[in-house]
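Student: I would like to take a close look at a single part of this structure, and then see what else can be said about the empty spaces and the ligand. Could you go through it slowly with me?

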Amino acid sequence: MLQTAQSMIKGVGKQLGFTDEEIAELLKANAEHQFEIELSTGAKYPAYRVQHNNALGPYKGGIRFHPEVNLDEVRALATLMSFKTAAVGLPLGGGKGGITVNPKTLSAAELEELSRKYAAHLSPHIGPDKDVPAPDVNTNATIMDWMVDEYEKETGDTSHASFTGKSLDNKGSLGREAATGRGGVIALREVLRHLGKNSVTVAVQGFGNVGSFFGTIAEYGHADWKLVAATDSSGGPFCLEGLSATEVDRYKKDTGPLKDFQADGATSITNDVFVGLDVDVLVLAAMGDVITEQNMHEVKASVVLELANAPVNEQAYKYLTDKGVIVVPDILANSGGVIVSYLEWLQNRADEQWPEEKVNAELERYMVAAIDHAYHYATKEQVSLKEAAFALALKRIREGR
Ligand code: NAD
């Protein structure tokens, strides 16, 4: 993932005439905090916060708790965040954090102790004007509430603007939970509008937080988008007559793995065949490296929406783009989460709570502007949407605005 992000920055930087020194500067993180957290049980966990670039504003990016978290992954994700916030025109930089831990092995008290110690250790380096973390894989509003409380105990700040993705009772924002999926719907709608397409068949991989909000919001707003496949890690239903995202979502939440979901005319598919489905749009909302040199030849879709981070690797991206497939890049497609995080930060700083309609309207405004700018740049310069998004981001970071 780090290689994919860095090679895009190098390639686009060269096209824009950046010097080798300027490119090297953009690849390097401003600061890397690497430490160990010891719990009262004696167990120790490696922890990280990478602060990549703050030319446009405070560092912004999630904290993930996962057994495979390592410094290179955190660096890659921090780098992507700098370009994501810049590509969508937010006055924020990029950062990312993580702890190498399987949170499922911890008791609730241990999880709280780990979260609080992480925030306490980083408190001199983060804060509303320096670095504003958020939830990511296996972290949530409860964990953000513990962290903001710990940060405020350490620093005396009372604004709650030091973390986003908090619970609603603790100055979180309405609309935050659905924001990434909702942003994905806006991104796809705008791209289809530019392509002059209306009725499309859509397959969603990863019916979790992002994928299920994408599916259910699309179902209500876009009757001409037909959901024909929806999978989780077990697989899931495929049905040419169309599936109800609401029913799939309810089944996943109330009953169990999607491979067992049944509907009239539906068959059960595995994720091995997902990428090669004969559909118009593939929505990748599960994880990274889903389309690679191993399976890129199987893709039949004409649009691929990257809702996970880096689900299409570098080689596959080049291959698909050369074939004329539109890959809507992660830094645009999944930016709804960071946009509403920014809106939460604004609300906290002004001590306000906006109605959900206002949050969604602002999300819409940022997403539409970002996609339109990238589209116009791509058309004018004859480059892909991803190169266009990176080029606009690189320029903004260099100019500091
Ligand atoms: P989640 O854990 O809620 O959902 C992930 C879904 O993917 C689950 O349904 C899981 O069963 C499924 N999955 C896992 N492995 C799979 C596989 N091999 N094949 C098919 N499905 C598989 O996570 P989420 O919050 O929805 O995030 C999904 C992705 O989007 C992640 O890559 C995350 O980093 C990225 N993302 C999330 C946000 C956000 O706001 N939540 C923002 C930006 C990017």
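Student: In the hairpin of β1 and β2, which residue takes a positive phi, and how many residues lie between the strands?

Tutor: Before we look, keep in mind that this is a predicted model. The residue you are asking about is G42, whose phi is positive and near 100°, and the hairpin has 5 residues between its strands. On either side of that turn you will find strand β1, residues 31-38, and strand β2, residues 44-53, which pair in the antiparallel sense over 8 bridges. One of the places where you can follow this pairing is F35, whose bridge partner in β2 is A47. As you trace the two strands, it helps to remember that side chains in a regular strand alternate between the two faces of the sheet.

From the hairpin we can turn to the ligand, which has 20 residues around it, and of these T180, N209, V210, S233 and M287 come nearest. By class, this shell divides into 7 nonpolar, 9 polar and 4 charged residues. Several contacts involve the backbone: a backbone N or O atom of N209 lies 2.9 Å from an oxygen atom of the ligand, while a polar backbone atom of A286 is 3.4 Å from an oxygen atom of the ligand. In the case of D232, a backbone N or O atom lies 3.4 Å from a nitrogen atom of the ligand. Taken alone, the ligand exposes 830 Å², and the protein buries 72% of that area.

Next come the empty spaces, which are revealed by rolling a probe the size of a water molecule over the atoms. The structure holds 1 cavity of 30 Å³ or more, and about 70 Å³ of space lies in the largest cavity. The residues that line this cavity are M1, T4, A5, M8, L80, E306, A310, D330, K386 and F390, and they comprise 6 nonpolar, 1 polar and 3 charged residues. Two helices, α1 (2-15) and α14 (385-399), each supply at least two residues of this lining, with the largest share, 3 residues, coming from α1.

The helix α1 also appears in the second largest pocket, where it gives the most to the lining, with 6 residues. This pocket has a volume of about 210 Å³, and of the 15 residues that line it, M8, E314, Y317, K318 and E387 are the closest to its centre. Alongside α1, the helices α10 (314-322) and α14 each supply at least two residues of the pocket lining, which divides into 4 nonpolar, 6 polar and 5 charged residues. If you look for M8 in the structure, you will find that it belongs to the lining of the largest cavity and also to the lining of the second largest pocket.

Key. Residues numbered from 1 in each chain as written. Predicted model: local features only at pLDDT ≥ 70, side-chain atom pairs only at ≥ 80, totals over all residues. Heavy atoms only, no water. 1 Å grid on protein atoms, 1.4 Å probe; cavity = no way out; pocket = protein on both sides within 12 Å on 5 of 7 lines; lining within 4 Å. Points joined across faces, edges and corners; volume = space filled by probe spheres on them. Helix = DSSP H or I, 4+ residues; strand = E, 2+ residues; numbered from the N terminus. Nonpolar A, V, L, I, M, F, W, Y, C, P; charged D, E, K, R; others polar. Near = heavy atom within 4 Å. Polar contact = N/O pair within 3.5 Å; in protein donor to acceptor, adjacent residues only side chain to side chain. Areas by Shrake-Rupley, 256 points an atom, 1.4 Å probe, with all protein chains shown as cover. Pairing = 2+ DSSP bridges.
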